[in-house]
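Subject: Structure for you to look at

Hello,

Here is the structure I promised to pass on to you, placed just below so that you can keep it open while you read. Please take your time with it before going on to my notes.

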Amino acid sequence: MQVYLVGGAVRDALLGLPVSDRDWVVVGATPQVMIDQGYVPVGKDFPVFLHPRTHEEYALARTERKTAPGYHGFVIHAAPDVTLEEDLARRDITINAIATHPDTIRDIGQFDTKNALIDPFHGQQDLANKVFRHVSPAFREDPVRILRVARFAARFADFTVAPETLALMCEMVADGEVDHLVPERIWQELSRGLMEATPSRMFAVLRDCGALQRLLPEVDRLWGVPQRADYHPEVDTGVHLMMVLDMAARLQAPLAVRFACLCHDLGKGNTPADVLPRHIGHEERSARLLKGLCERLRVPTDCRELADVVAREHSNVHRSTDFGASALVRLLERCDALRKPQRFSDILLACESDARGRLGHLDSPYPQRPRLLQVLAVMQAVDTKTIAQQAMDMGASGSKVGDMVHQARVTAVQSTLPG
């Protein structure tokens with residue numbers, strides 16, 4: 001029984017990056033041997049075990065044989081005679097197919113990879129050249145690998161996809177492999193890519209191989225759609241969208257905000273050609289397209305709800321510096337800001353990403369955000385219980401009580417506005 005550290009931990013150590021998760025491959029063992037030594041089995045599709053003390057994952061060396069389209073169409077073979085090289089050969093790209101011995105590990109979870117590296121597919125060379133290259137033609141058997149390469153591009157933005165790997169990805173898309181991806185796996189990879197430092201690179205790779213059109217056609221059609229140059233010097237809606245995503249990453253926005261940024265302008269993709277470059281009513285069209293996208297990918301509720309509000313209201317948030325007290329209160333009420341103040345803060349962060357994700361505006365201030373947060377604080381300070389009680393003492397009920405509370409908020413906000 002031999003144990004090796006493999007994959008991302010070795011890759012990141014070679015790149016001088018912090019190592020968090022460590023994956024291990026065990027050669028020469030059976031499931032029973034692992035259980036007898038105290039490892040806990042957790043794998044559903046292939047033999048994976050948790051270490052009895054560290055709880056890190058240890059997988060038996062295995063090979064895979066394609067038997068059907070899609071992510072689940074594999075027969076797994078894990079046995080003591082499977083070699084480390086055979087296990088590495090089934091991995092996606094060369095920089096993830098490097099292994100090292102456990103005795104290279106030093107204190108505090110660090111390890112020395114300069115010696116005792118097992119690198120049969122020249123991953124170190126591809127790391128030095130900053131290239132994503134598939135390990136073998138078996139890459140084409142798993143469409144998730146297209147998403148993984150795109151996600152890695154978002155993390156390592158200065159890497160490029162090898163021409164032969166990109167050609168293989170294009171063939172996989174043309175053959176319909178990505179059409180067999182399950183929604184949960186698409187969302188898993190998409191959400192991870194959105195949280196990387198340069199999410200635009202993920203979408204660039206997906207566009208280059210044609211996968212974006214199959215997976216997110218609502219997003220793909222935004223490229224080539226013009227916008228008014230006085231508002232959007234970059235003109236192209238798809239270019240703007242990528243700038244918005246990278247701005248959200250720069251502002252360290254959470255996932256729900258980044259997803260809202262991705263979907264905020266979907267409606268511009270079906271603006272009638274005769275009214276371009278204007279996009280009147282694109283907000284409601286964006287919300288309708290968003291609903292279908294979320295249902296198709298089974299997007300989590302928090303991401304879906306935030307994206308819906310941002311799609312509908314981002315233009316109003318941008319224009320809010322010209323709003324009077326009444327319009328400001330109505331805007332915050334539509335955003336449900338009083339019941340969900342943290343979500344409202346996230347809405348404003350998405351809107352700031354949108355406003356600054358434009359050519360020449362990357363470092364521009366966004367006064368709407370602090371102003372609307374101040375408006376929210378003023379509205380929160382209004383004693384609505386006392387006002388409601390006074391209204392009922394006067395014989396008011398139902399919507400009339402709500403109207404009086406609303407007016408009290410407008411009055412409070414009015415008193416804080418300049419002039």
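The notes below cover a pair of helices and then an enclosed space.

Please bear in mind throughout that this is a predicted model.

I began with helix H16, which covers residues 341-356, and helix H17, which covers residues 368-380; these two pack with their axes 10 Å apart and at an angle of about 165°. Because an angle over 145 degrees counts as roughly antiparallel, that makes H16 roughly antiparallel to H17. If you look at how the two helices cross, you will find that the crossing of H16 and H17 is right-handed. On the H16 side the contact is made by Pro341, Phe344, Ser345, Leu348, Leu349 and Glu352, while H17 contributes Arg369, Leu372, Leu373, Leu376 and Gln380. Sorted by class, the residues in this contact of H16 with H17 are seven nonpolar, two polar and two charged.

I then turned to empty space inside the model, where a search of the whole structure finds one cavity of 30 Å³ or more. The largest cavity holds about 40 Å³ of space. Which residues line the largest cavity? They are Leu147, Ile186, Leu190, Leu206, Leu212, Leu215 and Leu216, and by class this lining has seven nonpolar residues, with no polar and no charged ones. Helix H7 (183-194) and helix H9 (211-215) each supply at least two residues of that lining, and you may find it helpful to locate these two helices before you look for the cavity itself.

Best wishes

Methods. Residues numbered from 1 in each chain as written. Predicted model: local features only at pLDDT ≥ 70, side-chain atom pairs only at ≥ 80, totals over all residues. Heavy atoms only, no water. Axes fitted to C-alpha atoms, helices over the stretch in contact; angles between N-to-C directions. Helix = DSSP H or I, 4+ residues; strand = E, 2+ residues; numbered from the N terminus. Parallel < 35°, antiparallel > 145°, perpendicular 65-115°, else oblique. Left-handed = near helix turned anticlockwise from the far one by under 90°. Contact = heavy atoms within 4.5 Å. Nonpolar A, V, L, I, M, F, W, Y, C, P; charged D, E, K, R; others polar. 1 Å grid on protein atoms, 1.4 Å probe; cavity = no way out; pocket = protein on both sides within 12 Å on 5 of 7 lines; lining within 4 Å. Points joined across faces, edges and corners; volume = space filled by probe spheres on them.
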